[in-house]
Amino acid sequence: MRDFICPKCGQHLAFENSVCLSCRSPLGFSLDDMTLLVIASGEESSQAGFVDSDKYELCANLHLAECNWLVEKNPVRRLCTSCVLTRTRPNDADTKALVAFAEAEKAKRRLIAELSELTLPIVGRDEDPDFGLAFDLLSSEYEKVFTGHENGVITLDLAEGDDVHREQLRIAMDEPYRTLLGHFRHEIGHYYYYRLVSTSQDRTERFRELYGDAEADYQAALDRHYQNGPPADWEENYVSSYATMHPAEDWAETFAHYLHIRDTLDTAAAFSIAPAAATFERKVLGPSGFDQVIDMWLPLAWSLNMINRSMGKQDLYPFVLPAAVLEKMRFIHSIVEGTTLTGDSEQILGA
Ligand SMILES: [Zn+2]
Ligand SMILES: [Zn+2]
Ligand SMILES: [Zn+2]
């Protein structure tokens with residue numbers, strides 16, 4: 001994530017700000033420009049870093065989801081690129097679930113911004129009614145909700161937005177890391193498997209070599225995983241214990257880590273604690289740049305872990321990346337950067 005600066009007063013801003021805390025200017029995030037802009041009227045609005053309040057406003061989910069993204073007034077957009085992807089949310093009377101909903105949307109905006117930086121295709125169900133991307137953000141208070149992905153629809157149990165609940169699950173499942181953003185990055189991995197791997201024979205074959213059979217019986221794998229746990233030597237071949245469950249989960253876990261790494265590198269580069277080549281703004285990495293990504297990541301992750309320990313916190317990145325995982329991740333990089341280079345998802349879908 002970039003380091004944002006208030007166009008009016010020069011104050012540092014966070015991705016989530018809708019007002020500058022220094023000069024009180026109203027702000028909106030522009031996904032196209034990947035920047036925060038001041039919403040102004042009259043002559044002021046023609047300056048660089050400003051938008052005209054006659055033409056732009058904040059997303060209709062400003063209050064409901066604390067959304068600070070800009071939408072055009074004409075044609076009337078109302079919901080931003082991120083919020084419009086949410087198909088189901090808690091009803092207005094469910095105030096408890098709505099708090100968790102806002103937390104989930106906040107994490108989702110980070111996901112969508114990164115996908116946009118990587119120029120990965122974001123095809124909604126308006127364009128592709130059967131397999132387009134959509135989110136069902138549901139409260140499990142009154143019904144069972146399974147976080148997961150099916151045919152483009154990502155379902156999230158909003159209870160994951162509750163710190164106590166999520167931390168209990170994390171400990172019960174013996175996971176070193178569990179966050180809303182991590183869930184979204186995992187589930188979007190499933191989505192991109194269907195969009196970018198299963199649509200290409202070459203990629204499906206390479207997937208099988210690296211990860212195994214994506215079509216392997218899922219229920220049997222699930223039962224085996226919860227009965228026996230991961231294989232004893234799993235840390236040599238997988239990024240997490242959950243990744244051992246099924247090739248599809250291995251892909252999604254590895255994909256999530258790829259997104260963790262790229263976004264964290266981008267943020268670190270924005271604050272000059274990683275090389276400038278680590279930012280999304282660079283165009284130099286390309287499909288063969290994976291070694292460079294990892295060469296930048298390993299020392300950064302180590303130093304960030306040591307910084308966290310200085311604050312008495314758990315490691316920021318409590319994972320190791322063995323050679324087998326790096327090979328699996330290299331495949332993901334080549335797909336992501338390959339898509340970036342052609343800039344044409346349809347070309348890949350037709351491949
Ligand atoms: Zn300001
Ligand atoms: Zn929005
Ligand atoms: Zn999964």
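**Exercise 1. Which protein donors does the zinc ion (ligand 1) have, and how far from it do they lie?**

Solution. The model examined here is predicted. In it, the zinc ion (ligand 1) has as its protein donors the SG atoms of Cys-6, Cys-9, Cys-20 and Cys-23, which lie 2.3 Å from the ion. Along the sequence, these donor residues follow the spacing C-x2-C-x10-C-x2-C. Within this set, Cys-9 belongs to the loop between β1 (4-5) and β2 (12-13), whereas Cys-23 belongs to the loop between β2 and β3 (27-30), so that the pair links distant parts of the chain, 14 residues apart.

**Exercise 2. Determine the geometry of the zinc site from its angles.**

Solution. The angles among the 4 donor atoms run from 105 to 112 degrees. Four donors count as tetrahedral if all angles lie between 85 and 135 degrees, and the site of the zinc ion (ligand 1) is accordingly tetrahedral. For comparison, the ideal angle for four tetrahedral donors is 109.5 degrees.

**Exercise 3. Classify the accessibility of Cys-9 and Cys-23.**

Solution. The partly exposed class lies between the buried limit, under 20% relative accessible area, and the exposed limit, over 50%. Cys-9 has a relative accessibility of 37% and therefore counts as partly exposed; Cys-23, at 27%, counts as partly exposed.

**Exercise 4. Classify the ring pair of Phe-15 and Phe-29, and state which parts of the chain the pair ties together.**

Solution. The structure holds 19 aromatic pairs. In the pair of Phe-15 and Phe-29, the ring centres are 5.0 Å apart and the planes stand at 85 degrees, so the arrangement is edge-to-face. Because Phe-15 is in the loop between β2 and β3 while Phe-29 is in strand β3, the pair ties together parts that are 14 residues apart in sequence. Phe-15 counts as buried at 4% relative accessibility, and Phe-29 is buried at 0%.

**Exercise 5. Describe helix α4 and its aromatic surroundings.**

Solution. Helix α4 comprises the 18 residues 180-197 and reaches 25 Å from its first C-alpha to its last, which is close to the expected 26 Å. A kink of about 30 degrees is nevertheless present in α4, centred on Tyr-191. Since 17 of its 18 residues are buried, α4 is largely enclosed by the rest of the structure. Tyr-191 is also one of the members of an aromatic cluster that includes Tyr-193, Trp-251 and Phe-331. Both Tyr-193 and Trp-251 are buried.

How values were computed:
Residues are numbered from 1 along each chain as its sequence is written. Chains are lettered from A and ligands numbered from 1 in the order in which they are written. This is a predicted model: local features need pLDDT of at least 70, side-chain atom pairs count only at pLDDT 80 or more; totals for chains, interfaces and linings use all residues. Side-chain values use heavy atoms; hydrogens and water are left out. Helices (H or I, at least four residues) and strands (E, at least two) are DSSP runs, numbered from the N terminus. The expected span of a helix is 1.5 Å times one less than its number of residues. The bend at a residue is the angle between axes fitted to the seven residues ending there and the seven starting there. Buried means under 20% relative accessible area, exposed over 50%, partly exposed in between (1.4 Å probe, protein chains only). Donors are N, O and S atoms within 2.8 Å of the metal (3.2 Å for Na, K and Ca); water is not among the atoms, so sites may look incomplete. Four donors count as tetrahedral if all angles lie between 85 and 135 degrees; four count as square planar and six as octahedral if opposite donors are over 155 degrees apart and all others between 65 and 115; anything else is irregular. Rings of Phe, Tyr and Trp (its six-membered ring) pair if their centres lie within 6.5 Å; planes under 30 degrees apart count as stacked, over 60 as edge-to-face and the rest as tilted.
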